[in-house]
Amino acid sequence: MDTLRFAEEVLLLLLNEDKGKFVRVSDWSTRYAFGGSVLMDLALENRIDTDLEKLILLDSTPLGDSLLDPMLAKIVQEPETHDIRYWVEHAGALEDEIREGALERLIERGTLERREQRVLWVFRSQRYAIADDKPARQVKLRILNLLFSDELPTPRDIVTICLADACGIFHQLLTERELKQVATRIAQLRKMDLIGQTVSKVIWDIDASIASITPMQVY
C-alpha cells in the first residue's frame, strides 16, 4: 500500500528529526487522535459514516489491513448504535496497537529506521531516523502549504489537518505568530469534513474533561 494511513501521517508529523524522538502532547489527546485516525480511515474506505447522533456501519467487509480491521470488527460486533464519541473512546483504547502498528509499517516501507542508543553503557534508548525523506517531507510540506495558501485540499488532507489540530501538533510545527496567522484557515478546513470536525471536537471535549493540556515535551 503506497498511501499512508492517517496514524502513519500523525507519527511523521510528531517526529522530532533532530532528536529522533516523537514529540508528546497531552496523553489523552494523542490517544484519541490515534483512535480517531482509524475511524477516519474507515470512513474514507466507505466502511462507516456518521451524523451528529450516531456512527453508521456501511460495509462490514474486512479490508485486510491490520490497523483498521480490529476496529471495524468491534463496530460490526456491537449490537447497539452509538455516537461518534463512544467509538472514539473505544478506538483510543487501541492506541498502543495502532501506534506500534503504524511505526512498524513506516520502518518496513523504509521511511523510518530504528536505531538503538546506549546510555551510560547500560540503558538502551531507541531513536528513529528518516531513511526515506520523501514521504516524511511530503506530509509536512503538503499540510503546511495548505495552511498558508488558498489551495483546495483533498478529503485526506482535511482529515490530517483535523487530527493534527486536535492533538496539538501545530504547536510543534509553527511559531505562535504563525499559529495566529493560520487559525482562521484551520477552522475553515475543519468545517469541510463532518467526521473530521466531529472527531476533533470529541478529542477536545474528552481531553478537557479529564485533565488540562500539559506542556509539550520531547522524550
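This is a short tour of the structure in your viewer, moving from the whole chain to a few residues.

Keep in mind from the start that the model is predicted. Begin with the whole chain in a cartoon view, where the secondary structure amounts to ten helices and seven strands. The chain has 219 residues, and 46% of them count as buried. If you then switch on the molecular surface, you are looking at an accessible area of about 11600 Å², with 49% of that area belonging to carbon and sulfur atoms.

Next, show the contacts between residues that lie at least 6 apart in sequence, and you will find that 67% of these contacts join residues at least 24 apart.

Now select strand β1, residues 15-16, together with strand β2, residues 21-24, which pair with each other in the antiparallel sense over two bridges. Which residue of β2 is the bridge partner of Leu15? Show the two strands as sticks and follow the bridge from Leu15 across to Phe22. Between the strands of this hairpin there are four residues, and in the hairpin Gly20 takes a positive phi near 70 degrees.

Finally, select the cysteines Cys162 and Cys167: are they buried or exposed? Cys162 has a relative accessibility of 0% and Cys167 one of 2%, so both fall under the 20% cut-off and count as buried. A disulfide is a covalent bond between the sulfur atoms of two cysteines. A search of the whole structure for such bonds finds zero disulfides.

Methods:
Residues are numbered from 1 along each chain as its sequence is written. This is a predicted model: local features need pLDDT of at least 70, side-chain atom pairs count only at pLDDT 80 or more; totals for chains, interfaces and linings use all residues. Side-chain values use heavy atoms; hydrogens and water are left out. Buried means under 20% relative accessible area, exposed over 50%, partly exposed in between (1.4 Å probe, protein chains only). Contact means heavy atoms within 4.5 Å. Accessible areas come from the Shrake-Rupley method with a 1.4 Å probe; for residues, only the protein chains shown count as cover. A disulfide is a pair of cysteine sulfur atoms within 2.5 Å. Two strands pair if DSSP finds at least two bridges between them.
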